[in-house]
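This report covers overall build first, then selected sites. Start with the display.

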Amino acid sequence: MASPAPEVEVFDKDGVRLSVADAVATVTLTNPGKRNAQSPALWRALADAGRSLPGSVRVVVLRGEGKSFSAGLDRQAFTPEGFDGEPSFIDLARGSDEELDAVIAEYQEAFTWWRRNDIVSIAAVQGHAIGAGFQLALACDLRVVAQDVQFAMRETSLGLVPDLTGTHPLVGLVGYARALEICATGRFVGAEEAERVGLANLAVPGAELDSAVRDLAGALLAAPRDAVVETKALLRGAVGRDYEDQRVAERAAQARRLRDLAGLSD
């Protein structure tokens with residue numbers, strides 16, 4: 001049996017490390033002392049990770065060091081001083097609607113690239129995944145969770161709304177009524193419920209989390225890349241199509257695959 005490809009570090013900055021081993025990239029949150037709390041600098045590093053992926057990467061694993069995946073936004077953001085070199089959220093609130101919209105849009109870029117059609121992303125989630133941490137896990141295509149996982153959307157409890165792209169996947173996974181209840185109450189969702197309602201694809205003992213993610217990544221890599229890319233695009237688009245439009249999309253996608261397999265593609 002061939003040895004697994006060695007892991008090569010691409011960068012390690014602002015609480016984010018990106019490493020690549022052949023077709024699998026790993027993005028790791030690296031501040032366990034603060035339970036991987038998030039900041040604008042971390043969000044920029046996450047966006048950079050998406051831009052820095054080699055073309056050979058097919059699967060991206062997102063994980064957090066330590067006992068918690070991510071405890072959410074660093075509360076320092078709400079202090080008058082904010083973060084060094086960054087405007088505080090209080091200062092941002094004093095800006096115009098256009099300025100505030102542009103800043104939030106920039107923050108959201110850390111959460112948007114995980115659903116690109118050319119990759120499949122897996123969040124390996126243990127411990128707390130709160131607020132921005134919950135939304136980061138929701139940004140991924142798939143979630144494998146440890147049995148100690150605790151999801152919670154606390155923004156509403158703080159007088160805010162979830163604004164880091166988490167609302168769309170949350171409603172898609174669990175439905176409007178349960179999503180509203182989870183967000184409005186800010187309650188914890190454990191591993192058993194997460195797996196039962198579709199938030200988690202798989203729940204395993206904490207000691208088995210890494211091996212379960214490796215097994216899933218291996219299974220995803222077993223299929224031809226172009227077929228996975230087409231299938232992902234087909235499934236993602238299904239949300240916005242009616243039944244007949246999806247039938248048309250299926251036929252078009254299959255025609256492309258058949259021509260490619262027959263060597264007739266342009």
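The protein holds ten helices and ten strands. The model is predicted.

**Overall build**

How does the radius of gyration compare with that of a compact globule? The protein has 19 Å. A compact globule with 266 residues would have a value near 18 Å, so the two agree. Along the principal axes, the C-alpha atoms fill a box of roughly 65 × 45 × 35 Å.

Of the 266 residues, 44% count as buried. The exposed surface of the protein comes to about 13,600 Å². Carbon and sulfur atoms supply 54% of that area.

Contacts reach across the sequence. Among those with a separation of 6 or more, 67% join residues 24 or more positions apart.

Charge comes next. The protein carries 28 positive and 38 negative side chains. The centres of these two sets lie 4 Å apart.

**Helix 4 and the loop before it**

Is helix 4 largely enclosed or open? Helix 4 spans residues 132-139, and eight of its eight residues are buried, so the rest of the structure largely encloses it. The buried set starts with Ala-132, Gly-133, Phe-134 and Gln-135. Leu-136, Ala-137, Leu-138 and Ala-139 are buried too.

Gly-131 sits in the loop between strand 6 (128-130) and helix 4. Its relative accessible area is 6%, under the 20% cut-off, so Gly-131 counts as buried. Setting aside neighbours within four places in sequence, Gly-131 is in contact with Ala-152, Met-153, Arg-154 and Glu-155. Gly-166 is 35 residues from Gly-131 along the chain, and their C-alpha atoms are separated by 9.2 Å.

**Three further buried sites**

The table lists the relative accessible area of four residues, Gly-131 among them.

| Residue | Relative accessible area |
|---|---|
| Gly-131 | 6% |
| Gln-126 | 11% |
| Leu-53 | 12% |
| Gln-246 | 12% |

Gln-126 belongs to the loop between strand 5 (120-125) and strand 6. At 11% relative accessibility, Gln-126 is buried. What does Gln-126 touch, residues up to four places away not counted? One run of partners is Gly-64, Glu-65, Gly-66, Lys-67, Ser-68 and Phe-69. Ala-146, Asp-148 and Leu-209 also touch Gln-126.

Leu-53 lies in the loop between helix 1 (40-51) and strand 4 (59-64). This leucine is buried, at 12% relative accessible area. Not counting residues up to four places away in sequence, Leu-53 touches Leu-18, Ala-25, Val-60, Trp-113, Arg-116 and Ile-119. Phe-151 is 98 residues from Leu-53 in sequence. In space, the pair are 28 Å apart, C-alpha to C-alpha.

Gln-246 is part of helix 10 (residues 243-261). With 12% relative accessibility, Gln-246 also counts as buried. Which backbone oxygen lies 3.1 Å from a polar atom of the side chain of Gln-246? The oxygen belongs to Leu-234. Leu-234 is also one of the contacts of Gln-246 once neighbours within four places in sequence are left aside. The others are Gly-237, Ala-238 and Arg-241.

Terms used. Residues numbered from 1 in each chain as written. Predicted model: local features only at pLDDT ≥ 70, side-chain atom pairs only at ≥ 80, totals over all residues. Heavy atoms only, no water. Buried < 20%, exposed > 50% of the residue type's maximum accessible area, 1.4 Å probe, protein only. Helix = DSSP H or I, 4+ residues; strand = E, 2+ residues; numbered from the N terminus. Polar contact = N/O pair within 3.5 Å; in protein donor to acceptor, adjacent residues only side chain to side chain. Contact = heavy atoms within 4.5 Å. Rg over C-alpha atoms; globule rule 2.2 N^0.38 Å. Areas by Shrake-Rupley, 256 points an atom, 1.4 Å probe, with all protein chains shown as cover. Lys, Arg positive; Asp, Glu negative; His and termini not counted. Charge placed at Lys NZ, Arg CZ, Asp CG, Glu CD.
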